[in-house]
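Trainee: I would like to go through this structure and ask how each label is justified. Please set the values against the rules as we go.

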Amino acid sequence: MRSLLTILLALTLKSALGSPGLFPGQPDARSAGLANISTIVPGLWAVNHNPAVMTGIESFTVGLSHNRYLLIKGLSQSSAALLVPVNRSAIGISYRNYGFSSLQNHLVRVSTGIRLHERFCSGVSIGYVHFATREKSIYRHSFSYTIGMAFSISEKLRSGFHISNPFPAKAAWEKAGLIACEFAAGMSYEPVENILLLAEYHKKFPYPAAFRLGTEMNVIRKMTLRFGIQVYPLQVSGGLSLDLNSLSISLAFTMHDKLGTMPCTSIDYQFK
């Protein structure tokens, strides 16, 4: 009975966040500060969403991230990732853990992205998913996979999309109902130097779609501010990043009308 109540609480949180799948929201503070926009956001943490945009990193990079969800005591998400560039491609590995003492979701993902053309990149990732309660009364494991593409329409305009689990492993997850097909398409535009505008359409079947808008601004040379808003459910987010040579520290806060403020912290280090 206790395990059942634990699962219901965790799934209620993920549903309220507009992310009914295994892990609520994005693991990194940059995407969290942009209302979870991720499809066309390049960098280390692209290993968790669109592997096609991993190719922008030029050197070996590692990172840690932590999200705290305030509705349930002790409920959080921790992530680690590394990315290795190889010529015109990149290979990334990530680990995510979501839950608390009575319920744990684990996801290990291996991703690769390749630049096929000056204006076109593609990528694919495979993840192993493990879900269990402390008493082992419910125990599930399965595989997930993602295919992504990214396009440079011009120097200022970029677009991309990714699709995950178009044919879910129903045999492993049908009763728990924890995995679903997911599709997202996004676009970024840089109207002037140091200002980036982003938009994203996100759909997890069979749940309603979410629409997201965000912006990034380099207010000073080493600081970036970001803001985002999501429609259904309504969420407002913001954050900032400090770039200290090879070290980048990012903070984000998501304001939810029912769950309050949820913080996220990420630390990335790039070996140059």
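Mentor: Start with a side chain: that of Ser 65 comes to 3.2 Å from the backbone oxygen of Thr 265. Keep in mind that this is a predicted model.

Trainee: Why is the approach of Ser 65 to the backbone oxygen of Thr 265 called a polar contact?

Mentor: The separation is 3.2 Å, and the rule accepts a pair of N or O atoms within 3.5 Å. The value falls inside the cut-off, so the pair counts as a polar contact.

Trainee: What makes Ser 65 buried or exposed?

Mentor: Ser 65 has 5% relative accessibility. Buried means under 20%, so Ser 65 counts as buried. The residue sits in strand β1, residues 61–68.

Trainee: Which residues is Ser 65 in contact with, leaving aside neighbours within four places in sequence?

Mentor: Among them are Pro 27, Asp 28, Trp 45, Gln 77, Cys 264 and Thr 265. Asp 28 is 37 residues from Ser 65 along the chain, yet their C-alpha atoms are separated by 5.8 Å.

Trainee: Now Thr 224. Where does Thr 224 lie, and what does its side chain make a polar contact with?

Mentor: Thr 224 lies in strand β11, residues 223–231. Its side chain makes a polar contact with the side chain of Asn 218 at 2.7 Å, a value within the 3.5 Å limit.

Trainee: Why is Thr 224 counted as it is for accessibility?

Mentor: Its relative accessibility is 7%. The cut-off for buried is under 20%, so Thr 224 is buried. Beyond four places in sequence, Thr 224 touches residues including Glu 216, Met 217, Gly 239 and Leu 240.

Trainee: How do you know that β11 and β12 pair?

Mentor: Two strands need at least two bridges to count as paired. Eight bridges join β11 to β12, residues 235–244, so the condition is met, and the strands run antiparallel. One of the partnerships is Gly 228 with Ser 237 in β12. The two strands form a hairpin with three residues between them, and Tyr 232 in that hairpin takes a positive phi near 60 degrees.

Trainee: What about β12 and β13: how many bridges do they pair over?

Mentor: β12 and β13, residues 247–256, pair in the antiparallel sense over ten bridges. In β13, Phe 253 is the bridge partner of Gly 238. These strands form a hairpin too, with two residues between them, and Asn 245 in the turn has a positive phi of about 60 degrees.

Trainee: What makes β8 and β9 a pair?

Mentor: Nine bridges join them, and the rule asks for at least two, so they pair. They run antiparallel. Val 192 has Ile 195 in β9 as its bridge partner. In their hairpin, two residues lie between the strands, and Asn 194 in the turn has a positive phi of about 75 degrees.

Trainee: And how many bridges do β9 and β10 pair over?

Mentor: They pair over eight bridges, in the antiparallel sense. The bridge partner of Leu 198 in β10 is Gly 214. The hairpin of β9 and β10 has five residues between the strands.

Trainee: Where else does Leu 198 appear?

Mentor: Leu 198 is named with Met 54 and Leu 83 as having the most contacts inside the largest nonpolar core, which has 19 residues. The elements giving two or more residues to this core are β2 and β9.

Trainee: Why is the pair Phe 161 and Phe 183 called tilted?

Mentor: Their centres are 6.3 Å apart, and the limit for a pair is 6.5 Å. The planes make 35 degrees. Under 30 degrees would be stacked and over 60 edge-to-face, so this pair is tilted.

Trainee: What makes Phe 161 partly exposed?

Mentor: Its relative accessibility is 28%. That lies between the 20% and 50% cut-offs, so Phe 161 is partly exposed. Phe 183, with 26%, is partly exposed as well.

Trainee: Why is the pair Tyr 269 and Phe 271 called edge-to-face?

Mentor: The angle between the planes is 80 degrees, and over 60 counts as edge-to-face, so the name follows. The centres are 4.8 Å apart. Together with Phe 60, these two residues form one aromatic cluster.

Definitions and conventions. Residues numbered from 1 in each chain as written. Predicted model: local features only at pLDDT ≥ 70, side-chain atom pairs only at ≥ 80, totals over all residues. Heavy atoms only, no water. Core = buried A, V, L, I, M, F, W, Y, C linked by side-chain atoms within 4.5 Å. Buried < 20%, exposed > 50% of the residue type's maximum accessible area, 1.4 Å probe, protein only. Helix = DSSP H or I, 4+ residues; strand = E, 2+ residues; numbered from the N terminus. Phe/Tyr/Trp six-rings, centres within 6.5 Å; stacked < 30°, edge-to-face > 60°. Contact = heavy atoms within 4.5 Å. Polar contact = N/O pair within 3.5 Å; in protein donor to acceptor, adjacent residues only side chain to side chain.
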